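Please read the following account with the coordinates open, taking one helix as the starting point and moving outward to its surroundings.

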Amino acid sequence: MKYPTKQAFRPAWDDYFMSMAYMAAERSTCDRLRSGAILVKDKRVIGSGYNGSPPKMEHCDDVGHLMHEGHCIRTLHAEENTLLQAARLGTSTNGSTIYSIYSPCYHCLKKLIAGGVKRIVAAHVYRDTRVSDACVEAGVMYDRYTPNGEWLDYLVELYKILPREKTSEVKSSDTGEKNYESE
Ligand SMILES: [Zn+2]
Ligand SMILES: [Zn+2]
């Protein structure tokens, strides 16, 4: 049986990048906030990040939080890690857009502004509502992300329907599982 090669759903850019941010968040290691972010420039990913400890350092999920004045300071925030990943790879963040599950805390916002991020897209507002005023002051676009229900429904099914390239399906009689062979 031949599978149709035309894709069933082509996400808009915001849906595409925000779903990557949700994937990144699944790598978080501090349960006080499991967030993820993707840094994009000219419609290309230049950094990804999640709330987690710096490389080689212990994780909150393993050893508990490191509290200071009511905040866990063990982790870098997702926004910081996206900037640092771009820095580590030698990519300019000037003029970039960040897609983040939560709006940035004020500390991260300052770093995003200083790093030249020009647009922030957040799915949820996290605590500090002064962030939107600060964005106006700094000339940064601040957009709330509205999930596309059709895309979300499609995402749920995505792993079940792949691979979708030109394949022929062979049904295994003993396991009932589907195997795919390239033509
Ligand atoms: Zn923690
Ligand atoms: Zn932050």
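**Helix α4 and its surroundings**

In this predicted model, the buried residues of α4 are covered by elements that include α3 (78–89), β5 (97–102), β6 (119–124) and α5 (130–138). The helix itself spans residues 106–114, and the residues in question are Cys108, Leu109 and Leu112, which are buried. Because these three cover an arc of only 105 degrees around the axis, they lie on the same side of α4. On the other side of the helix, by contrast, Tyr106, His107 and Ala114 are exposed. Beyond its end, α4 is followed by glycine 116, whose phi is positive, near 85 degrees.

One of the covering elements, α5, can be examined further as a helix partner. Two packed helices are described by the angle between their axes together with the distance between those axes. For α4 and α5, the axes come within 10 Å and cross at roughly 20 degrees; since angles under 35 degrees count as roughly parallel, α4 is therefore roughly parallel to α5. The crossing in which α4 passes α5 is right-handed.

On the side of α4, this contact is made by Tyr106, Leu109 and Ile113, while α5 contributes Arg130, Val131, Ala134 and Ala138. Sorted by character, the residues of the contact between α4 and α5 comprise six nonpolar, no polar and one charged. Leu109 thus appears in both parts of this description, being buried in α4 and taking part in the contact with α5, whereas Tyr106, which also takes part in that contact, is exposed.

Note on methods: Residues numbered from 1 in each chain as written. Chains lettered and ligands numbered in written order. Predicted model: local features only at pLDDT ≥ 70, side-chain atom pairs only at ≥ 80, totals over all residues. Buried ≥ 20, exposed ≤ 12 C-beta atoms within 10 Å, placed from the backbone. Helix = DSSP H or I, 4+ residues; strand = E, 2+ residues; numbered from the N terminus. Arc of directions from axis to C-beta. Contact = placed C-beta atoms within 7 Å. Axes fitted to C-alpha atoms, helices over the stretch in contact; angles between N-to-C directions. Parallel < 35°, antiparallel > 145°, perpendicular 65-115°, else oblique. Left-handed = near helix turned anticlockwise from the far one by under 90°. Nonpolar A, V, L, I, M, F, W, Y, C, P; charged D, E, K, R; others polar.
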